[in-house]
Amino acid sequence: MPRGLRVRLVVAFLAVSALSALITAALTFREARSAIIDRTQDSAVHDLRAQLESLAPDLPFPPSTQDLRNFTLQLDRAGGSRAWRTAAAYRDGPLVTAPGTERPPAVPAALREAVGERGGTVTQRTTHDGAPRLAIGMPVAYAAATGGDADPGKASGLVVYAEFSLDDDKADIDALVTAAQAGAVPALVLALVPALFAARRVLRPVRGLRNGAERIASGELGTRLPVTGHDELSDLTRTFNTMATTLEKDDAELRRMEATARRFAADVAHELRTPLAAMAAVTEVLDEDAHSGALPVDTADAVLLISDETRKLVRMVEDLMEVSRFDAGAAALHLDEVGLRTLVTKTVRLRGWSEPHGQVVVEVPDDIRVRVDPRRIDVVLANLIGNGLRHGAAPVVVRARLDQAPGRTAAVAIVTVTVTDHGPGIPDDVLPHVFDRFYKADAARARSEGSGLGLAIAVENTRLHGGSLTVANSPGGGAEFTLVIPLPLPPHDPEEGGRS
Amino acid sequence: MTARARTGRRSRRILALALLLSAAVTGCGISATGPQQAGAPASGIQRPGTSAEYARLYFVGPYGLRSASRPTDRPLGPQQALDLLLEGPTGAERERGLISEVPPMHGRLSATAATDAVDVYLPLTIRDLQVAAVSQLACTAAHADVPGSGPPTEVKVRFHENLGGSDSPWTVRCDASGNALPVPE
C-alpha cells in the first residue's frame, strides 16, 4: 500500500476513473450485446416466417414425407448468408430434412416441447462445441379461407425448425470486448495526466507549508507564506502565518527580557565594583590592625569577619563581570602554545594544593602541547579541581589523553582532560543543573565558598576554545568532569563565542 | 490500527467490485438460453377442401421454372395474374433464388380470356424473349382463372406479337412440368 500523499491521490483518481469507465463499458456492452443478438434473432424469425408464408400455399396437404423433403430443400436454399439448416415435422412425426443433408439441424428437445405447448414461434440459444447457435421452431397455421368455414390461424400440425450458427455475432461481440480493452489502457494513461495535475495542485500548498515549517524550525521566524484561494489549505496557511507571527513576537519579547536582565546584572556588577574596591582597601588596613592586636578582641573579630565577607563579595562581583563579558561577546582569547602538563601543575601549585602530597594527582603525559589561552584554561582547571576538593573528597585525579575524533572534513585531534574526585558523586537530580548560574546543590547550605558562577564561567571558557565540558558520575562513585578541546583550534569567532 | 483495518477492508471491497465488473465484461459471450416466445406462428397452409384463392405465378429458379402461390381475395383472370408476374418476385421468393426473365413492358401487355384459351398481346416479338420468359408468361396465363372445364395444361395460350400487328399468333400450352410447348395447328 503506497503511503505517499501524491501516490495515494493519483491511485485514488485512477481507481475512480477506472471504475467509472468499467461501469460505463459494462452497461454499454450489455446493451450492445443484446441489441446484436436480438437483431439477428428477429431478422431470422422474420425471414423464416416470410419463407413459410410464401412456400406454404404450394405444399400439398396433408404432406407426404417427400413433400416435406422438397419443402425443407426450398427453405435451406432460402437461408442466404445465414446458411440455416431446416427440418419439418408433421403432427408428431419424425423430423424430415432435405435430401443430401450431411448433418441434420440440432433441434433441442426443449424447443420441440415448447412449440408443442405454446403453439407460437419459439427460439432457443444453444451452445454446440463451444460455439453459440440459434434454433427457431415455427408452427405453420392454416391460411384464412374465403369460404369462412375454416377458422384462420388454426394450427395445421406442421412445425418447421431452423437452426444456424451465431459465430458472426460472437465475433462482433468479441470485437466489442477487444475494443473496450484496447480503449481502457490509453484511457487510464490519459487519466494519469489530470490525476498528476490534481495531485500537484493539492500538494503544492502542502509542500509550501512544509518548507515554511522547516524555515521556522531553523530559526527564520520572519517566514510568511502567501495565502491564495479560500479552501481548507489556504485556511491552514493562514493559521500557519498567525502561528509564525506569535512565535516571532514571543521570541523577540524573550530576547528583550533576557538582554535587559543581563544588562542589569552587568550594570549592578559594574556599579558595585568601585565602592567595593574602596571597601577592600579599607578592610586590608583594618585587617593589619586586627592582627597586630591594636584593637579590642571583639572588635578585631568583627573586623576580620567583615574583611572576609568583603573579599567574597569582591570575588563574586569579579565573576559576575566575567559572565557579563561572555554574554556581551567581549571575551577575547589570547592564544599561546603551552605544555598541558606544565599548565596543570602550575595551576595546582599556585592554588597551594600540592600540599599535602597526594591530594591532587596529575597523570598528564609530558608530550601533549596545546594552543590555548593559558589564563582561561587555568581558571577552568582550578574551578574543577577546587570543586573536587571542596565538595568531593581527595584524591582528585587529573588525567589527559590525545584522541582522533571524526571531524566534518577530516579527523580532528582532540585533547580530553578528566578531573575525577573520590567523593560521593553528584545526585542524579542535580546533575543536569551543575552548570547553571547560581545553582545551589544543597538548598540548606545557601552560603558557600564560591560565587555560584564558577562552573558557568568554566563552561563559557571551554566554549570559547571550541570545546565542551560535561559531567558524569564515575563508576568509582566520584564526580567526573570531562573537558574536551580540539587541536588545532578552529578560527576564533567572537560572535559565536559570545553567545550562550 | 482500526483505521488501517478499515482501509484494508474498503480496498478489498473495491477490489472485489472491480473483479466482479471485469468478469461481467470479459466473461460474457453469447450464453445459452431456454426456449423463448418469439411471436405468432406462420400461416398459409391450404386446408384441403377449402376454397382459398391463390394466384400461381411462374418464376425461374436455380433448377428450372417454379411456381409461387400468392394468396388473393378472389380468382384472378389472366390479365391480373400477368400484371402480378410483371411486378417480379417478392423478397421471400428472391431469397429462394427465384427471378423473372420477363422484360418490363410498362403496362402494354394485355390478355383476354376465352373458353379454354387465353389471348396475350405482346408489345414485342417472341424472338425478343428468352425461352424461360415465354414459359413464365404461358404457364402463369394458363393457371389463371380461365373459363372452360379443361385443366390448366389444356389451356391454349395464343401470343399475338407487336400487339396483334403480326399475321398469326404463336399458340403454346403449359405442360405439367412448367414448359411451354407449341401447339400444332
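**Exercise 1.** Determine which strands of chain A the buried residues of α3(A) pack against, and on which side of the helix these residues lie.

*Solution.* The buried residues of α3(A) pack against β2 (122–128), β3 (131–142) and β4 (155–165) of chain A, where contact means heavy atoms within 4.5 Å. This is a predicted model, in which local features need pLDDT of at least 70, side-chain atom pairs count only at pLDDT 80 or more, and totals for chains, interfaces and linings use all residues. Residues are numbered from 1 along each chain as its sequence is written, chains are lettered from A in the order in which they are written, and side-chain values use heavy atoms, with hydrogens and water left out.

Next, list the residues of α3(A) (109–118) that are buried, namely Leu111(A), Ala114(A) and Val115(A), buried being under 20% relative accessible area and exposed over 50% (1.4 Å probe, protein chains only). Because they cover an arc of only 100° around the axis, they lie on the same side of α3(A). The face turned away from that side carries the exposed Ala109(A), Glu113(A), Gly116(A) and Glu117(A).

**Exercise 2.** Describe the extent of the interface between chain B and chain A and the residues that chain B contributes.

*Solution.* Begin with the contacts, in which 44 residues of chain B meet 64 residues of chain A. The two chains bury about 4500 Å² between them, 56% of it on carbon and sulfur atoms, the area being the accessible area (1.4 Å probe) lost on being put together, summed over both. Ile30(B), Ile45(B) and Arg96(B) supply 19% of the area that chain B buries against chain A, more than any other three residues.

Conventions. Arc of directions from axis to C-beta. Helix = DSSP H or I, 4+ residues; strand = E, 2+ residues; numbered from the N terminus.
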